[in-house]
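Student: I have not seen this structure before. Could we go through it by question and answer?

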Amino acid sequence: MSKIGLFFGPEKGSVHRVAEKIAAVIGEEKVELVSVNDASVADLEQYDQIIFGISTVGKETWDSDYSNTDWSKFFPEVSKANYDGKVVAIYGLGDHVTYPDHFVNAIGRLAKELKTKDANIVGSVDPEGYEFEDSEALIDGRFIGLPIDEDFEPEQTDERIANWLKSIQKDFGF
């Protein structure tokens, strides 16, 4: 069985901690953690199953013409990869209190790009139980990936991860 590529960024902080939690639940021997800071299209193409971990950063980044985040550097690589036959899932971190109008927008932005590449995205999540005003991650009334708020709801992270992983287990075969 080939490993699942779990691409995450930024390298330090909540997105990385959640990546480690996901890997622990799936089984660390089945997952390879890959920082997007060092990843390329070749890294993406070696996996048939990919989980992306991304965070939605604040207004100062949305308003800038150039962003120096790990994901802004990696996004062009995502666009170049071939997703034919691959299964993809996304989790994202956001802050529903400070940014209720942009909650986990990065999930939606990444998913929209992946959809232009015909990626098979799995793991949508019902928005019930989440507090927010708006999100680009809502597609057809569901989050296109798993939203996590480590700033204001860390006590819900483990249960949300467990439920999400159960929902994608069949597609990923773990």
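**Contacts, strands and rings**

Tutor: We can begin inside a helix. Apart from neighbours within four places in sequence, Leu-110 is in contact with Phe-52, Ile-54, Trp-71, Phe-75, Val-78 and Ile-90. Keep in mind that this is a predicted model.

Student: Is Leu-110 buried or exposed?

Tutor: Leu-110 lies in helix α5. A residue counts as buried under 20% relative accessible area. The relative accessible area of Leu-110 is 0%, so Leu-110 is buried.

Student: How far apart in space are Leu-110 and Pro-76?

Tutor: In sequence, 34 residues separate Leu-110 and Pro-76. From C-alpha to C-alpha, the distance in space is 11 Å.

Student: Which residues does Asn-105 touch, not counting residues up to four places away in sequence?

Tutor: Asn-105 lies in helix α5. With a relative accessible area of 2%, Asn-105 is buried. Not counting residues up to four places away in sequence, Asn-105 touches Thr-56, Ser-135 and Glu-136.

Student: How many bridges join strand β1 to strand β2?

Tutor: Strand β1 covers residues 4-8 and strand β2 covers residues 31-35. The two strands run parallel. One bridge partnership is that of Leu-6 with Leu-33 in β2. The number of bridges joining β1 to β2 is five.

Student: What is the hand of the β-α-β unit made by β1, α1 and β2?

Tutor: Helix α1 covers residues 14-26. Together with β1 and β2, helix α1 makes a β-α-β unit that is right-handed.

Student: What distance separates the end C-alpha atoms of α1?

Tutor: Helix α1 has 13 residues, and the expected span uses 1.5 Å a residue. The expected span is 1.5 Å times one less than the number of residues, which for α1 gives 18 Å. The end C-alpha atoms agree with this, being apart by 18 Å.

Student: Against which elements do the buried residues of α1 pack?

Tutor: The buried residues of α1 are Ser-14, Val-15, Val-18, Ala-19, Ile-22, Ala-23 and Ile-26. They pack against β1, β2, β3 (49-55), β4 (87-93), β8 (146-148) and α6 (157-172).

Student: Which peptide bond is cis, with omega near 5 degrees?

Tutor: Most peptide bonds are trans. The cis bond leads into Pro-10, a residue in the loop between β1 and α1. The bond runs from Gly-9 to Pro-10.

Student: What is the phi of Asp-118?

Tutor: Most residues other than glycine have a negative phi. Asp-118 lies in the loop between α5 (105-116) and β5 (120-121). At 67% relative accessibility, Asp-118 counts as exposed. Its phi is positive, near 60 degrees.

Student: Where is Asp-140?

Tutor: Asp-140 is not a glycine, yet has a positive phi of about 55 degrees. At 76% relative accessibility, Asp-140 counts as exposed. Its place is in the loop between β6 (138-139) and β7 (142-143).

Student: How many aromatic pairs does a search of the whole structure find?

Tutor: A pair of aromatic rings is described by the distance of the centres and the angle of the planes. Over the whole structure, the number of aromatic pairs found is 12.

Student: Of what kind is the pair of Phe-52 and Trp-71?

Tutor: The ring centres of Phe-52 and Trp-71 are 5.8 Å apart. Phe-52 lies in strand β3 and Trp-71 in helix α4 (residues 70-80), so the pair ties together parts that are 19 residues apart in sequence. Phe-52 and Trp-71 are buried. The planes of the two rings stand at 70 degrees, so the pair is edge-to-face.

Student: Of what kind is the pair of Phe-172 and Phe-174?

Tutor: Phe-172 is buried, with a relative accessible area of 1%, and Phe-174 is buried at 18%. Their ring centres are 6.4 Å apart. Because the planes are at 50 degrees, the pair is tilted.

Student: Over the ring of which residue does the charged end of Arg-160 sit?

Tutor: The charged end of Arg-160 is 3.9 Å from the centre of the ring. The ring belongs to Tyr-130.

Conventions: Residues numbered from 1 in each chain as written. Predicted model: local features only at pLDDT ≥ 70, side-chain atom pairs only at ≥ 80, totals over all residues. Heavy atoms only, no water. Pairing = 2+ DSSP bridges. Helix = DSSP H or I, 4+ residues; strand = E, 2+ residues; numbered from the N terminus. Right-handed = clockwise from strand over helix to strand, strands pointing away. Buried < 20%, exposed > 50% of the residue type's maximum accessible area, 1.4 Å probe, protein only. Contact = heavy atoms within 4.5 Å. Phe/Tyr/Trp six-rings, centres within 6.5 Å; stacked < 30°, edge-to-face > 60°. Lys NZ or Arg CZ within 6 Å of the ring centre and 35° of its normal.
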